[in-house]
Amino acid sequence: MTDYTAVITGGNKGIGADLALRLLEQDYRVITLARHAPDFSHEKLEHLDCDLLDPDTVQAVADDIGARFEVTHLVHNAGVIWPNLIEDAKPSDITGLAQLHLGSALTLLQSALPAMKKRAFGRVMFNSSRAALGAATRTAYGASKAGMIGMARTWALELAPHGITVNVVAPGPIQTDNFWGIIPKGSERENDLARRIPVGRLGQTDDVTRAFLFFCDPANGFVTGQTLYVCGGSSIGSVPI
């Protein structure tokens, strides 16, 4: 099997951790970046502490990865929501989430790009959100998650001649810590939201992981610049969170 190395931001829990485990099962080397280490270990897993809100820290970690590894897969999965109404939103919310969701991805890709271009192969993926289409209390989050889609399309055009694809997974309501930070677990609000999703249920982490695995697959080199909504139909007909 060809040797693949995946960097996963936010790979310590939730969707990122599930994807990390699936890639380890496929014999990938996996590097997770987060402020806390995952609660699992593997001989081909390495964790690097990294606060993605800090540009200097991200640059140092990116330089380290670029010097030690030939990255083939970059999955920018980490994210936070910071919800508030317009009256309470601050410009610093926008700049902060732009660094987390966009700036850190750029820094990490720049460090991985020389090896990807030399190999004439790469897979770059973003974890965006259905909220990129609009959702109440999501001024900064929606803006930065929509920015992922625009940036991914630009990168896809630039990198296609080098055998590098760039795609986006945009989940709807998925039962993760981020979700329960907004919607109390087991609450009537959670049940009501599930009823308002066209397929009649909330998403699970493995629903999203399977979408990432499709974009990760080396055989899927004819798909680039695309956004796949994994949202139970909520991108086309439901009331958002």
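A good place to start is Trp 155, whose neighbours, leaving aside residues up to four places away in sequence, are Ala 105, Leu 106, Leu 109, Val 124, Phe 126 and Val 166. The model you are looking at is predicted, so please read every contact and angle here as a feature of that model.

Trp 155 also takes us to the largest nonpolar core, a set of 40 residues in which Trp 155 ranks with Leu 33, Ile 65 and Phe 126 as those with the most contacts inside it. Several elements feed this core: strand 2 (29-34), helix 2 (55-68), helix 3, strand 5, helix 4 and strand 6 each provide at least two of its residues. In soluble globular proteins, nonpolar side chains tend to be buried together. A second core, separate from this one, has 25 residues, among them Val 169, Ala 211, Leu 213 and Val 230.

Now let us turn to strand 5. Is strand 5 enclosed or open to the outside? Six of the six residues of strand 5 (residues 122-127) are buried, so the strand is largely enclosed by the rest of the structure. You can check this face by face: Gly 122, Val 124 and Phe 126 on one side are buried, and so are Arg 123, Met 125 and Asn 127 on the other.

Strand 5 also has partners. With strand 4 (residues 73-76) it pairs in the parallel sense, over four bridges, and here Leu 74 stands opposite Val 124. To get from strand 4 to strand 5, the chain passes through helix 3 (residues 91-119), making a right-handed β-α-β crossover. Strand 6 (residues 164-171) is also a parallel partner of strand 5, this time over six bridges. Within strand 6, Ile 164 is the bridge partner of Gly 122. A right-handed β-α-β unit appears here too, built from strand 5, helix 4 (residues 139-159) and strand 6.

The loops that lead into these helices each hold a residue worth a look. Trp 82 sits in the loop between strand 4 and helix 3; it is not a glycine, yet its phi is positive, at about 50 degrees. With a relative accessible area of 33%, Trp 82 is partly exposed. In the loop between strand 5 and helix 4 you will find Thr 137, another residue that is not a glycine but has a positive phi, of about 70 degrees. Thr 137 is partly exposed as well, with a relative accessible area of 28%.

What about empty space inside? There is one cavity of 30 Å³ or more, and the largest cavity holds about 30 Å³ of space. Which residues line the largest cavity? They are Val 7, Ile 65, Val 71, Leu 74, Leu 108, Ser 111 and Ala 112. Helix 3 contributes the most to this lining, with three residues. Two names in the lining are familiar by now: Ile 65 is one of the residues with the most contacts in the largest core, and Leu 74 stands opposite Val 124 in strand 5.

Our last stop is Gly 16, in helix 1 (residues 14-25). Gly 16 is buried, with a relative accessible area of 1%. Beyond residues up to four places away in sequence, Gly 16 touches Ile 8, Gly 10, Gly 11 and Asn 77. Gly 16 and Ala 78 are 62 residues apart along the chain, and their C-alpha atoms are separated by 7.6 Å.

Technical notes. Residues numbered from 1 in each chain as written. Predicted model: local features only at pLDDT ≥ 70, side-chain atom pairs only at ≥ 80, totals over all residues. Heavy atoms only, no water. Buried < 20%, exposed > 50% of the residue type's maximum accessible area, 1.4 Å probe, protein only. Pairing = 2+ DSSP bridges. Right-handed = clockwise from strand over helix to strand, strands pointing away. Core = buried A, V, L, I, M, F, W, Y, C linked by side-chain atoms within 4.5 Å. Contact = heavy atoms within 4.5 Å. 1 Å grid on protein atoms, 1.4 Å probe; cavity = no way out; pocket = protein on both sides within 12 Å on 5 of 7 lines; lining within 4 Å. Points joined across faces, edges and corners; volume = space filled by probe spheres on them.
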